[in-house]
Amino acid sequence: MVRELEKYLRPGIGITTYCPGCGEAILMGLILRAIDELQLNMDDMLFVSGIGCAAWIPSPYFNADTLHTLHGRTIVFATGAKLVNPKLKVMVISGDGDLADIGGNHLIHGARRNIDLTVICANNMNYGMTGGQVCSTTPLGALTMTTHQGNPFCPFDLCQLVKAAGAAYVARYAVTQPFAMIRGIKKALQTEGFAFVEAVTPCPVQFGRRNELGRPADMLKDLMAKCVMREKAEKLSPEELKDKIITGEL
Ligand SMILES: Cc1ncc(C[n+]2csc(CCOP(=O)(O)OP(=O)(O)O)c2C)c(N)n1
């Protein structure tokens, strides 16, 4: 973590417990950068997370009020906090399994009700913390701890799901697009209503290893090659977009 962001971390917290090459540690830095650029006071904020590796981004690391809640129930706790204290800037940071699988119903209804929350969903395409099981964002055919023959199901497009449900702001960036991601998180923080940023992030230890995606650096390079900004994607054919990840405001 660069020195100027250290003031946002709990004193004496030391290095993170993320696996080598995990993109969620990169995401932590990008979220703090967005907060820093907006000059937000963390004393006016509440960070809510569920259970999983991504849920560790704010808690215990951020030097702020953090609510480390039950698996899948982040939106519920965050909604409650916002209703009790509408002046709070409430940011939810959690994994795809937490927000879209076990918490999927809350995600949909949070967006439908357009609750004033900033939601950052780390999408590493599997349940990282518990050993790499399949989840609703696992790509078709991917190998996971629970799909040895390849995932037989199509993944959710989280942004389309949340957008269709009624969110005020929806964007997707990969951790390999740091400046765009920071811009997206800042916009989400400045949006009134339900703002959702899907952060695509590599999980080398659980997902990469099983799918033979190489070393962490190879996964980052692969992600860079796969991401296409929406404006460019609109000019490409379905064949050209095969296996690509469309990023940007959606
Ligand atoms: C009610 C409940 N069900 C299941 C679990 C086990 N569990 C803990 S973390 C986790 C998956 C988290 O995955 P995700 O949200 O994608 O985060 P990641 O670890 O990949 O960052 C599961 C299934 C739990 N703690 N509580």
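**View 1. An open, eight-stranded sheet with mixed pairing.** The strand order here is 2-1-3-4-6-5-8-7, where strands (E, at least two residues) and helices (H or I, at least four) are DSSP runs numbered from the N terminus. Two strands count as paired if DSSP finds at least two bridges between them. Strand 2 (65–68) and strand 7 (227–229) sit at the edges, each pairing on one side only. On average, neighbouring strands are turned by 25° against each other, direction ignored; axes are lines fitted to C-alpha atoms, for helices over the stretch in contact, and angles run from 0 to 180 degrees between N-to-C directions. A note on the coordinates: this is a predicted model, so local features need pLDDT of at least 70 and side-chain atom pairs count only at pLDDT 80 or more, while totals for chains, interfaces and linings use all residues. Residues are numbered from 1 along each chain as its sequence is written, and side-chain values use heavy atoms, with hydrogens and water left out.

**View 2. Strand 4 (residues 118–123), largely enclosed by the rest of the structure.** Six of its six residues are buried, meaning under 20% relative accessible area (1.4 Å probe, protein chains only; exposed is over 50%, partly exposed in between). Side chains in a regular strand alternate between the two faces of the sheet. In strand 4 both faces are covered: Thr118, Ile120 and Ala122 are buried on one side, and Val119, Cys121 and Asn123 on the other. Strand 3 (residues 89–95) runs parallel to strand 4 and is joined to it by five bridges, with methionine 91 partnering threonine 118. Strand 6 (residues 195–200) also pairs with strand 4 in the parallel sense, over six bridges; there, threonine 118 partners alanine 195.

**View 3. Strand 5 beside strand 6, and the helices on the sheet.** Strand 5 and strand 6 run parallel, joined by six bridges, and tyrosine 173 has alanine 199 as its bridge partner in strand 6. Helix 6 packs on the sheet, touching strands 1, 3, 4, 5, 6 and 8 (245–249), and its direction makes about 160° with that of strand 5. Contact, by the way, means heavy atoms within 4.5 Å. Helix 8 (residues 216–226) lies across strands 5, 6, 7 and 8, running at about 30° to strand 7.

**View 4. The largest nonpolar core, with 38 residues.** Such a core is a set of buried Ala, Val, Leu, Ile, Met, Phe, Trp, Tyr and Cys residues joined through side-chain atoms within 4.5 Å. Leu27, Ile31, Met42, Phe47, Phe62, Met181 and Ile185 have the most contacts inside it. Helix 1 (23–37) is among the elements giving two or more residues, and its seven residues are the largest share. Zoom in on isoleucine 185: leaving out residues up to four places away in sequence, it touches Leu30, Ile31, Ala34, Met91, Ile120 and Val197. Apart from this core lies another, of 24 residues, among them Val48, Leu107, Ala165 and Phe194.

**View 5. Helix 4 (residues 104–113) crossing helix 5 (residues 158–165).** Their axes come within 7 Å and cross at roughly 45°. Helix 4 and helix 5 are therefore oblique to each other. (Angles under 35 degrees count as roughly parallel, over 145 as roughly antiparallel, 65 to 115 as roughly perpendicular, and the rest as oblique.) Leu107, Ile108, Ala111 and Arg112 in helix 4 meet Leu161, Val162 and Ala165 in helix 5.

**View 6. Aspartate 36, a buried residue in helix 1.** Aspartate 36 counts as buried because its relative accessibility is 13%. Neighbours within four places in sequence aside, aspartate 36 is in contact with Leu5, Lys7 and Tyr8.
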